[in-house]
Every structure is written in structure tokens, then in C-alpha cells.
Amino acid sequence: MSLRYLNRFTKTTAFRLILWYSSIFISSSILLFLLAYFLVSLTIKDQDRKMIQLKSNEYALMEQAEGIDALSREIRQECHGNRLADIFVRLADPQNHTLILTVPRRFRDTDFKVLDNRDILADNWLSLQNKKGRDSIEIMTRRLSDGYLLQVGKGSDEREDLLERFRGIFGLIMIPVVLIGLATGAFMSFRSLNPIRDLIHTVREIDIGKMDARVPSSHTGDELDELIQLFNNMLEKIKTLIGRMQEALDSVAHDLRTPVTRIKTAIEMTLQSDSDAKALRETLMDCAEESEHIMTMLTTLMDISEAESGAMRLNIEEVDIAALIKGIVEVYQYVAEERHIEISVLVPEGLKAYVDSSRTRQVIANLLDNAIKYGRDGGMVEIKAGIKDKELVISVEDNGEGIAAGDLPRIFDRLYRADKSRSRHGLGLGLSLVQAVVHAHKGHCEVQSTPGKGSRFTLFLPQIETF
Ligand SMILES: Nc1ncnc2c1ncn2[C@@H]1O[C@H](COP(=O)(O)OP(=O)(O)OP(=O)(O)O)[C@@H](O)[C@H]1O
Ligand SMILES: [Mg+2]
């Protein structure tokens with residue numbers, strides 16, 4: 001059981017983070033130690049050399065002032081007085097025959113024959129190893145004023161002892177360093193993964209249907225906090241979208257129910273009565289009309305899906321816009337007259353443009369439908385069209401109820417309907433279709449509206465060069 005848990009833990013991001021943090025911490029500590037070790041060993045070595053040079057200078061000065069015999073006497077006295085226990089001294093005549101040789105105890109077994117070499121250079125450093133090969137001795141050669149050779153040296157043993165102690169201390173320090181590294185790694189990984197754990201918890205909650213669950217924000221302003229905010233915003237949007245889909249589904253069901261009920265009632269009543277051929281014909285015509293209504297509604301839904309997914313195919317051709325608008329106005333004339341709304345068309349006779357004729361008809365019809373639906377009884381609707389800067393510009397203006405500033409940015413959203421419009425028949429799909437078709441034409445739409453005063457929708461459709 002515990003082995004399985006361990007196995008699972010080693011595969012987690014937390015484990016990997018701990019490993020990363022602690023290995024970075026530990027390896028940088030090792031690196032720092034190596035650097036310190038290198039600098040310390042260089043400094044000690046340098047100090048040893050300085051000490052050798054000082055000793056050698058001292059002997060050279062004595063030889064200069066008092067002669068070689070006085071120097072020999074001094075070296076012997078120092079040797080007897082055990083003052084040269086750690087120092088190597090060799091005095092040789094101009095032919096390099098050894099006169100005096102004192103060797104530190106650790107280097108008694110070292111082969112110093114190389115020093116008898118006549119070609120040995122003054123002011124040169126050479127390094128010899130003792131037999132065990134553990135320690136080495138550094139020797140500086142110097143020629144005295146009357147041709148004698150003076151060689152002074154010092155073993156690396158003291159230095160090595162010091163460095164060994166240094167290594168021992170480091171070994172001891174490494175134990176708490178590793179422990180601190182692991183503890184810091186665990187702490188850091190726990191802290192940095194906290195938001196991810198919250199995220200996982202929230203996703204699990206949503207998975208079991210708690211759609212209101214949100215990830216608590218740490219308000220630190222870092223990347224993870226930003227991710228959490230974006231995630232929460234996304235959840236909020238999904239929730240609104242699902243809500244709207246639900247509403248739309250209700251609307252669609254409601255809107256479909258009416259024509260289907262009408263068809264059903266008409267058929268049942270006709271079946272129950274002994275209707276003649278004329279009555280049957282009328283019933284069938286009513287049914288066909290209702291079916292047409294249902295078809296239109298379903299087609300709009302499918303058109304929007306097609307346009308929004310970018311799969312809408314356009315048949316761009318030269319279209320008589322003036323005639324097209326006239327045709328649409330004729331269809332809406334009856335509804336407008338019922339509400340005493342006057343429709344005026346300000347389009348140059350014979351205005352032509354390159355557009356998809358049936359889609360453009362749909363778009364203008366939707367805008368006109370809105371203008372009348374949300375217009376004021378006895379009000380007016382004005383449709384204008386013209387070519388400006390290689391764009392076909394069409395505007396539909398009404399002096400109706402207008403759109404609240406808060407609703408303006410959302411009216412083109414699929415299924416969005418302003419609260420006060422809900423009393424009227426509609427699905428909230430008209431403007432989505434308008435926008436999708438205009439975008440398919442590589443154009444754009446603009447809307448200006450003042451609540452209580454009216455709205456103006458303007459479409460800009462680029463002409464042939466852009467296609
Ligand atoms: N001319 C307008 N005046 C005031 N409000 C408008 C106007 N045109 C659109 N709106 C607002 O924008 C919303 C979205 O319009 P849209 O045409 O997409 O949907 P709808 O008219 O409610 O339904 P549908 O067009 O699907 O029958 C409307 O519900 C309404 O609140
Ligand atoms: Mg509409």
C-alpha cells in the first residue's frame with residue numbers, strides 16, 4: 001500500500017518540483033564550496049611561495065653582507081635549533097655541488113637528484129613529490145652574488161592538512177544543506193501548487209454538477225492568479241451561455257409548439273367534419289403555411305451555425321440593391337401599416353453592388369423587422385443605401401425605444417435579448433445572423449442608439465476588389 005503511494009508520489013509534479021528545487025539548491029551550494037575551496041587553496045599556495053621568497057631574500061642579503069661562510073653557519077645553526085623543521089634548504093657551490101642540505105622529515109624519502117643538474121635555472125620554481133606521491137614540495141632556486149646556488153622550499157603537507165580540514169567541514173555542512181534543500185523544495189512546491197490543487201478541486205466539483213463552484217483567488221497578481229481569474233471568468237461565461245441556450249431552447253420549443261398545434265388542430269377539425277374538397281384544400285394550405293413558418297425558424301438556426309462556424313458559402317454577384325430593398329419593404333409594409341409606422345427608402349435608383357443577394361435580403365429584412373418590432377407606434381423607419389469608399393453602406397434607422405448602453409455590446413451575441421424586449425416574439429438570433437453574414441462578406445456592422453429616441457444600424461460591405 002505505502003509502496004504504491006510512494007510510486008504514485010514519484011510521478012507527481014510536486015515530487016518533480018521538490019527534486020528540482022533541492023537539486024538546484026544543493027548543486028549551487030556545492031558550486032560555491034568548490035569556488036571557495038579553489039580560492040582558499042590558491043591563497044595558501046601563494047602565501048607559501050611568499051614565505052619561501054622571504055626566506056630566500058633573507059639568506060641572500062646575509063650572503064651579500066657577511067659572505068657565504070656566515071650564511072652557511074647561519075643555516076646550520078637554524079637547522080640545529082630545529083628552526084628549519086618544515087623548510088627545505090640547499091646551498092651549493094658554483095659547480096652545483098651540495099654544501100648544505102636540510103630536508104623536512106616528510107620528504108626524507110624524496111629523490112632530490114634532479115637538483116644536482118647543472119642546467120638548473122635561477123629564479124625558477126620546481127615541484128617534487130615524495131615517494132608516497134601524496135605531498136609535494138615546491139622549491140625556488142636563486143643564484144647568490146658570487147655564483148653559489150641557494151634553493152629554498154616548503155612542503156604542501158601543511159597546506160593539504162588545512163584543505164583536508166576544510167573538506168571535512170564541508171562534508172559536515174552538506175548534511176544540513178541537503179536537509180534544508182529538501183525542506184525548502186517541499187515548502188516551495190507545496191506553496192506553488194496550492195492554486196493548482198484548488199483548480200483540480202473546483203473542476204471535480206463542477207464534474208459532479210456544482211456549476212457554481214469557483215476557484216478561490218489568492219490576489220497575488222502572479223501568472224497562476226491570472227490563470228485562476230481567467231478560469232473563473234470562463235466558468236462564468238459557460239454558465240451564462242448554458243443559461244441562454246436553455247432559454248433559447250425554451251423559446252424554440254415554445255415557438256414551434258404554436259404552429260405545430262395549429263396544424264394539428266386544423267387537421268383534427270377537418271377530419272371530424274364532413275368537409276368538402278374546398279374546405280380540405282384550405283386546411284392543407286394553412287398547414288403548408290405553418291410548415292413554412294417552422295422551416296424558416298429552423299433554417300435561421302442552421303444559417304447562424306453555418307455562418308458562425310465559417311462554413312457559409314456566398315454567391316457574390318452584381319445585385320440591384322434598390323430593387324432588393326424595395327422588395328423587402330413591400331413584404332413589411334403591411335406589418336408597418338398596422339402600427340402606423342412609415343417606412344421611407346432613400347436609395348439611389350438602380351444602385352448596384354456586389355453581394356450575395358439572398359443573404360443580403362435576409363440581413364436587411366432582419367434589421368427592418370427589428371426597426372418595426374422595437375419601433376414606436378406611429379413612428380418612422382428610414383432605410384438608406386449608397387456606395388462610399390468602395391463599400392456598400394446600408395443603414396436602417398428607427399425612432400423607437402432604443403437600446404440601453406449596457407445591452408449595446410451584447411445585442412450581436414447569439415441568443416441575446418435585452419430584458420425589456422422579452423415580451424415580444426423573437427429568439428435573439430436576428431442580429432447574430434446579420435453579423436455573421438456581414439462578416440462572411442468581409443464587412444462590419446455599427447450601431448448607434450439612444451434609449452427612448454431610437455437606433456441606427458449601419459452595414460459596411462466591401463466591394464469586388466476585396467473578394
Ligand atoms: N431597432 C432596435 N431597437 C431597439 N432594440 C433593438 C433593435 N434591434 C435589436 N434590438 C435589441 O437587440 C436584441 C437582439 O436582436 P435580435 O434581432 O438578435 O433578436 P430578436 O429581434 O429579439 O429576435 P429574432 O430577431 O431572433 O426574432 C433584441 O432583443 C432587442 O433587445
Ligand atoms: Mg430581430
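The following conversation asks how some labels in this predicted model were reached.

User: Hi! What should I know about the model and its numbering before we start?

Analyst: Happy to help: this is a predicted model, where local features need pLDDT of at least 70, side-chain atom pairs count only at pLDDT 80 or more, and totals for chains, interfaces and linings use all residues. Residues are numbered from 1 along each chain as its sequence is written, while chains are lettered from A and ligands numbered from 1 in the order in which they are written.

User: How do you know where the domains begin and end?

Analyst: The bounds come from an automatic or database domain assignment. That assignment gives domain 1 (7-162), domain 2 (223-308) and domain 3 (316-466). Between the centres of domain 1 and domain 3, taken over C-alpha atoms, there are 97 Å.

User: Why is Thr110 called buried or exposed?

Analyst: The label depends on a count: a residue is buried if 20 or more other C-beta atoms lie within 10 Å of its own, exposed if 12 or fewer, and partly exposed in between, with C-beta atoms placed from the backbone. Thr110 has 20 other C-beta atoms within 10 Å, so Thr110 is buried. Its place is in the loop between S2 and S3.

User: What is Thr110 in contact with, leaving aside its neighbours within four places in sequence?

Analyst: Contact requires C-beta atoms, placed from the backbone, to lie within 7 Å. On that rule Thr110 is in contact with Leu128, Asn130, Lys131 and Ile137. As for Ile68, it is 42 residues from Thr110 in sequence and 27 Å away in space, C-alpha to C-alpha.

User: And why does Gly406 count as buried or exposed?

Analyst: Gly406 has 9 C-beta neighbours inside 10 Å, and therefore counts as exposed. Gly406 sits in the loop between S10 and H9. Its C-alpha atom is separated by 34 Å from that of His201, 205 residues apart along the chain.

User: How do you know that S1 and S2 pair?

Analyst: Helices (H or I, at least four residues) and strands (E, at least two) are DSSP runs, numbered from the N terminus. Two strands pair if DSSP finds at least two bridges between them. Strand S1 (residues 87-92) and S2 have 4 bridges in the antiparallel sense, so they pair. Leu91 has Ile100 in S2 as its bridge partner. S1 and S2 also form a hairpin with 5 residues between them, and Asn96 in the turn has a positive phi of about 70°.

User: What makes S2 and S3 edge strands?

Analyst: The open sheet has 5 strands in the order S2-S1-S5-S4-S3, with antiparallel pairing. Strand S2 (98-102) and strand S3 (125-129) each have a single partner strand, so one side of each is left without a neighbour in the sheet. The twist averages 20° from one strand to the next; axes are lines fitted to C-alpha atoms, for helices over the stretch in contact, and angles run from 0 to 180 degrees between N-to-C directions. Helix H2 (residues 13-66) packs on this sheet, touching S1, strand S4 (136-143) and strand S5 (149-155), and its direction makes about 150° with that of S5.

User: What makes S7 and S11 the edges of the other sheet?

Analyst: Here 5 strands form an open sheet in the order S7-S9-S10-S12-S11, and the pairing is mixed. Strand S7 (342-346) and S11 each have a single partner strand, so one side of each lacks a neighbour in the sheet. The average twist is 10° from one strand to the next. H8 lies across strand S9 (380-388), S10 and S12, running at about 20° to S10, whereas H9 lies across S11 and S12 at about 145° to S11.

User: How do you know that S12 pairs with S10 and S11?

Analyst: Strand S10 (residues 391-398) and strand S12 (residues 454-462) pair in the antiparallel sense over 8 bridges. Strand S11 (residues 444-450) and S12 do so over 7 bridges. Val393 has Phe460 as its bridge partner in S12, and Cys445 has Leu459.

Terms used:
Contact = placed C-beta atoms within 7 Å.
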